[in-house]
Amino acid sequence: MATDTLHRRGLMFILSSPSGAGKTTIARRLLAEDGEIAMSVSATTRPMRPGEVDGKDYHFVSQTEFDRMVEDNGFYEWAHVFGHSYGTPKAQIRAGLKDGQDYLFDIDWQGTQQLHQKAQADVVRVFILPPSLEELHRRLIGRGTDSAEVIAARMARAQAEISHWDGYDYVVVNDDVETCFGKVREILDAERMRRTRQTGLIDFVRELTRG
Ligand SMILES: Nc1ncnc2c1ncn2[C@@H]1O[C@H](COP(=O)(O)OP(=O)(O)OP(=O)(O)O)[C@@H](O)[C@H]1O
Ligand SMILES: Nc1nc2c(ncn2[C@@H]2O[C@H](COP(=O)(O)O)[C@@H](O)[C@H]2O)c(=O)[nH]1
């Protein structure tokens with residue numbers, strides 16, 4: 001049986017949430033445990049946090065460099081978030097998708113809307129909710145990476161971010177991290193089998209049903 005015809009296009013798997021709900025935690029786990037998905041590394045003008053690596057967590061760039069990339073049409077999408085600029089560079093992703101490479105995006109609702117408008121058929125949108133605002137605050141403090149001022153600004157934006165939940169295909173509450181990760185994994189596995197993504201299926205079925 002010619003199962004080599006069962007190739008498919010890659011998908012764009014988006015994780016969004018209010019800051020601190022845990023999407024980076026889930027994303028890192030997916031990258032570590034799923035051999036078939038690669039991170040879309042965003043460019044940002046925000047300062048690097050302790051432990052972050054340039055080129056792995058983000059491409060850390062100046063505002064001038066970022067503005068030049070915008071002018072050169074170098075982003076799939078970009079947005080201002082918490083006073084800094086963030087964007088998804090086009091390079092690499094386009095060709096990868098065609099070759100069946102899946103990409104993971106940790107981006108906000110504005111970027112999600114833009115990607116969905118541009119590449120609806122390739123996009124899967126997952127929104128992560130915290131179990132409560134109190135727990136969200138505890139997580140931002142517990143992460144130990146942001147000043148009290150930055151944490152206050154992120155908490156002040158949390159409800160506005162949550163109001164965009166209905167722009168997503170799936171919503172998962174991150175109470176217990178294992179449970180949340182398991183659900184996100186199931187979504188990814190199911191979306192990979194979506195009929196419309198399996199571009200070689202028609203030839204495979206034709207062969208199976210040949211008289
Ligand atoms: N289910 C969970 N229970 C308890 N703590 C968690 C859980 N999930 C994540 N955390 C912790 O909460 C903190 C925030 O998580 P994380 O950095 O993944 O959030 P984020 O949504 O990516 O935030 P940002 O948008 O600011 O990057 C981290 O210290 C992380 O270890
Ligand atoms: N629209 C985009 N949003 C992005 C991108 N990269 C990250 N983000 C979002 O920004 C906030 C803050 O992130 P942090 O790392 O500074 O805590 C968070 O909601 C990210 O999802 C991007 O390329 N485009």
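In the next few minutes I will go through the central sheet of this model, and then the loop and the ligand shell beside it.

Please keep in mind throughout that what we have here is a predicted model. As for annotation, UniProt, in an unreviewed entry, lists residues 10-189 as "domain: Guanylate kinase-like". Over those residues the chain is 42% helix and 23% strand, and the C-alpha atoms at the two ends of the stretch are 12 Å apart.

Let me begin with the sheet, which is open and consists of five strands in the order β2-β7-β1-β8-β9, paired in parallel. The edges are formed by β2, residues 37-39, and β9, residues 170-173, and because each of these has a single partner strand, one side of each is left without a neighbour in the sheet. If we ignore direction, neighbouring strands of this sheet are turned against each other by 25° on average.

Now to the individual pairings, taking β1 and β8 to start with. Strand β1, residues 12-16, runs parallel to β8, residues 123-129, and five bridges join them; within this pair, L15 stands opposite V126 of β8. Helix α4, which covers residues 109-119, packs on the sheet and touches both β1 and β8, with its direction at about 160° to that of β1.

On the other pairing of β1, we find β7, which it meets in the parallel sense over four bridges, and here I14 is the residue that stands opposite F105 in β7. Strand β7 also pairs with β2, again in the parallel sense, through three bridges, and D102 in β7 is the bridge partner of I37.

How well covered is β7, then, at residues 102-106? It is mostly covered, with five of its five residues buried. If we look at the directions in which they point, D102, L104 and D106 face one way from the strand whereas Y103 and F105 face the other, and all are buried. I would draw your attention to the two aspartates in that first group, D102 and D106, which are buried along with L104.

Let me move on to the loop between β1 and α1, where S17 is found and where G22 lies as well. In its unreviewed entry, UniProt places a "binding site" feature at S17, P18, S19, G20, A21, G22, K23 and T24.

Are S17 and G22 buried or exposed? S17 counts as buried because it has 27 C-beta neighbours inside 10 Å, and G22 is buried too, with 24 other C-beta atoms within 10 Å; the cut-off for calling a residue buried is 20 or more. Setting aside neighbours within four places in sequence, S17 is in contact with G22, K23, F127, I128 and L129, and of these, F127, I128 and L129 fall within the range of β8, residues 123-129. With residues up to four places away again left out, G22 touches S17, I128, R139, N174, V177 and C180, so that I128 appears in the contacts of both loop residues.

Finally, the ligand. There are 14 residues around ligand 1, and those that come nearest are S19, G22, T24, T25 and R139. The elements giving two or more residues to this shell are α1, residues 23-33, and α5, residues 133-143. By character, the shell divides into two nonpolar, eight polar and four charged residues. G22 therefore links the two parts of this talk, being buried, in contact with R139, and, like R139, among the residues nearest to ligand 1.

Definitions and conventions. Residues numbered from 1 in each chain as written. Chains lettered and ligands numbered in written order. Predicted model: local features only at pLDDT ≥ 70, side-chain atom pairs only at ≥ 80, totals over all residues. Pairing = 2+ DSSP bridges. Axes fitted to C-alpha atoms, helices over the stretch in contact; angles between N-to-C directions. Contact = placed C-beta atoms within 7 Å. Near = placed C-beta within 6 Å. Nonpolar A, V, L, I, M, F, W, Y, C, P; charged D, E, K, R; others polar. UniProt positions renumbered as here; feature names shortened; annotations may be inferred. Buried ≥ 20, exposed ≤ 12 C-beta atoms within 10 Å, placed from the backbone.
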